[in-house]
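Me: I would like to learn how to read a ligand site and a strand crossover from coordinates. Could we work through one example?

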Amino acid sequence: MSSSTTTVYAISGASRGIGFAITSLLAQRDNVLIFAGARDPASSAPLKALAEKTGKVVPVKLESANEDDAAALAKLVEQQAGHVDYVIANAGIAEDFNIPVFSVPAASFTKQFTVNTLGPLVLLQHLYPLLTKSSKPRFFVVSSVAGSTTFAAGSPLIFSPYAVSKASVNHLVAHIAREGEKDNLVATLVHPGMVLSQMGIAALKGMGIPEGEEIPGIPAITPDESATALVKIFDEAKRETHNGKFLSYDGSEIPW
Ligand SMILES: NC(=O)c1ccc[n+]([C@@H]2O[C@H](COP(=O)([O-])OP(=O)(O)OC[C@H]3O[C@@H](n4cnc5c(N)ncnc54)[C@H](OP(=O)(O)O)[C@@H]3O)[C@@H](O)[C@H]2O)c1
């Protein structure tokens, strides 16, 4: 069992990209314990190495929206820490770029909604009893500016299933923020930036942006740069300023 001064995190999608960068950054701190979700922890060599090197990271199997995985995670957190302070729903997929909304299969919406919207919900539901044992319960969803309806109205990008899944999780967090107030929860959405992770690189390619170039006006940043900015938001989050907010990685508010 961790000590009462240990800050306990649970994060999904920690095998690579932004989730791995956040986990690596947090693992540099003293008195932390990080339950790091991955679909197949055994195959994420960097995560395994981080766990062995720091002794502060516990890799766990966590498929988004899988109730059994989330229940097993909650059991493990209960046994090893007794509570969780920060739940970070980061795992996500972005597929079927450049298929017009008029022909994109409905199944694409279902798949991305399951991972990007239900994934965070199922994770939170299973960890909520342990989160509310924290003196500072925090829930963050790594969403996307793509989920902004204001952005969609003026965007040239064609990726409606992804955008709708992120708009859905944004709306979901508005409810979580309001219903969690009684438990002192702070629930916040964060946009990580245009990040050069596997997903970001594939997205740029899908948009026809040549390698090494950026979308005009949207700087491309590394997963480490994104993680540094997001962890600052996680650290600073307070009920008055952050609950129910949709923030970009620089801390500015994104219109819904
Ligand atoms: N990159 C960007 O520019 C950008 C911009 C806006 C928002 N975001 C959001 O940032 C978050 C992290 O993305 P990233 O850029 O780090 O992408 P990434 O490099 O593709 O990493 C995605 C992570 O999600 C996990 N994942 C995928 N499908 C999953 C599933 N069904 N169940 C559990 N885990 C699953 C992956 O695990 P495996 O290793 O098992 O596949 C991986 O750890 C996502 O929510 C994404 O929508 C990214």
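Reply: We take the ligand site and then the strands; the model is predicted.

Me: Which residues come nearest to the ligand?

Reply: Start from the shell, where a residue belongs if one of its heavy atoms lies within 4 Å of the ligand. Here 28 residues surround the ligand, and Ser-15, Arg-16, Arg-39, Tyr-162 and Ser-197 come nearest. By class, 11 of the shell residues are nonpolar, 13 are polar and four are charged.

Me: Which element gives the most to the shell around the ligand?

Reply: Helix H7 does, with three residues. At least two residues each come from helix H1 (17–26), helix H6 (160–179), strand S7 (194–195) and helix H7 (198–206).

Me: What polar atoms of Ser-197, Ser-64 and Gly-13 lie by the ligand?

Reply: Look for pairs of N or O atoms within 3.5 Å. Ser-197 places a polar side-chain atom 2.5 Å from a ligand oxygen. With Ser-64 the polar atom belongs to the backbone, 2.8 Å from a nitrogen of the ligand. Gly-13 also uses a backbone N or O atom, 3.1 Å from a ligand oxygen. The protein buries 92% of the 890 Å² that the ligand exposes when taken alone.

Me: Do strands S2 and S3 run parallel or antiparallel?

Reply: Read the direction from the bridges. Strand S2 (residues 32–38) and strand S3 (residues 57–61) are parallel and joined by five bridges. Phe-35 stands opposite Val-58 in S3.

Me: What handedness has the unit of S2, helix H2 and S3?

Reply: Follow the path from strand over helix to strand. S2, H2 (residues 45–54) and S3 form a β-α-β unit that is right-handed.

Note on methods. Residues are numbered from 1 along each chain as its sequence is written. This is a predicted model: local features need pLDDT of at least 70, side-chain atom pairs count only at pLDDT 80 or more; totals for chains, interfaces and linings use all residues. Side-chain values use heavy atoms; hydrogens and water are left out. A polar contact is a pair of N or O atoms within 3.5 Å; within protein, one must be able to donate a hydrogen and the other to accept it, and residues adjacent in sequence count only if both atoms are side-chain atoms. Accessible areas come from the Shrake-Rupley method with a 1.4 Å probe; for residues, only the protein chains shown count as cover. Helices (H or I, at least four residues) and strands (E, at least two) are DSSP runs, numbered from the N terminus. Ala, Val, Leu, Ile, Met, Phe, Trp, Tyr, Cys and Pro count as nonpolar, Asp, Glu, Lys and Arg as charged, and the others, Gly among them, as polar. Two strands pair if DSSP finds at least two bridges between them. A crossover is right-handed if, with the strands pointing away from the viewer, the path from the first strand over the helix to the second runs clockwise.
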